Amino acid sequence: MTAPGPSVDFYEAVGGGETFRTLVAAFYRGVAVDPVLRPLYPEEDLGPAEERFRLFLQQYWGGPRTYSEQRGHPRLRMRHAPFRVGIPERDAWLRCMRNAMDEVALAPEYDAAMWEYFVRAADFMVNHLEDLQQGRAPQL
């Protein structure tokens, strides 16, 4: 069986916009109190970052293309380049996302597909050379 991937079917199967709203809200509740992640968000109000992330995830997983219509190509590495993203930041991000995913409690096959994507994306965002050279594994 092929693991589910980004498609309209995936987006609808996990509950559509409401699931992504819940997931991202739970994630940002964690970010708001995380001593490693919170300093990476220059905005006092996390609301705009939360909306951008929700729109991105909805589009990636087969939902509305609002993110691209409003912001163009995601350019994830470029948009994150101004911030030091090392292993501690990646691990904190993954912890917050795992907690958010556990709160949403998707069916196992959808949880696994999303989690695999989040781990790959978090690894891809690491831009601090020392951490990249050490190749440290995530500490969840």
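**Group meeting talk: a walk through an all-helix model**

Let's start with one small detail: right after helix H3, Gly62 has a positive phi of about 105 degrees. Keep that spot in mind, as we'll stay around H3 for a moment. Before going on, I should say that what you're looking at is a predicted model.

So, H3 itself. This helix covers residues 47-60, which makes 14 residues, and at 1.5 Å a residue it should span 20 Å. The C-alpha atoms at its two ends are 20 Å apart, so expectation and model agree. Which residues of H3 are buried? They are Ala49, Phe53, Arg54, Leu55, Phe56, Leu57, Gln58 and Gln59.

Let me pick out Gln58, which sits in this helix. Its relative accessibility is 5%, and buried means under 20%, so Gln58 counts as buried. And what does Gln58 touch, if we skip residues up to four places away in sequence? The answer is Tyr11, Gly17, Phe20, Gly63 and Pro64.

Okay, let's zoom out to the whole chain. How many helices and how many strands does the protein chain have? There are eight helices and zero strands. Reading from the N terminus, then, the elements go α-α-α-α-α-α-α-α. The chain has 140 residues, and 41% of them are buried. As for the surface, the accessible area is about 7,800 Å², with 55% of that belonging to carbon and sulfur atoms.

Here's a number about contacts. Take contacts between residues at least 6 apart in sequence: 72% of them join residues at least 24 apart.

Now for the inside. The largest nonpolar core is made of 37 residues, and the ones with the most contacts inside it are Phe27, Phe53, Leu57, Trp93, Met97 and Phe118. Which helices supply at least two residues each to this core? Those include H1 (8-13), H2 (16-33), H3, H6 (87-104) and H7 (108-125). You may recognise Phe53 and Leu57 from the buried list of H3.

If you click on Trp93, you can see who it meets. Leaving out neighbours within four places in sequence, Trp93 is in contact with Phe27, Leu37, Tyr41, Phe53, Phe118 and Ala122.

Last topic: charged pairs. Searching the whole structure turns up seven salt bridges. I'd like to show you some of them, beginning with Arg98. Its side chain meets that of Asp102 in a salt bridge, at 2.8 Å from N to O. Both residues are in helix H6, and because they are four residues apart, about one helical turn separates them. Asp102 is partly exposed, with a relative accessible area of 45%.

Arg98 also has a salt bridge with Asp111, at 2.7 Å from N to O. This pair links distant parts of the chain, with Asp111 in helix H7, Arg98 in helix H6, and their positions 13 residues apart. Is Asp111 buried or exposed? Buried: its relative accessible area is 15%.

Over in helix H7, Arg120 and Glu116 are four residues apart, about one turn of the helix. They form a salt bridge too, and their closest N and O atoms are 3.3 Å apart. Arg120, at 44% relative accessibility, counts as partly exposed, and Glu116 is partly exposed as well, at 47%.

And to finish, look for Arg90, Asp91 and Asp123: a network of salt bridges links these residues. That's my tour, thanks for listening.

Key. Residues numbered from 1 in each chain as written. Predicted model: local features only at pLDDT ≥ 70, side-chain atom pairs only at ≥ 80, totals over all residues. Heavy atoms only, no water. Expected span 1.5 Å × (residues − 1). Buried < 20%, exposed > 50% of the residue type's maximum accessible area, 1.4 Å probe, protein only. Contact = heavy atoms within 4.5 Å. Areas by Shrake-Rupley, 256 points an atom, 1.4 Å probe, with all protein chains shown as cover. Core = buried A, V, L, I, M, F, W, Y, C linked by side-chain atoms within 4.5 Å. Salt bridge = Lys/Arg side-chain N within 4 Å of Asp/Glu carboxyl O.
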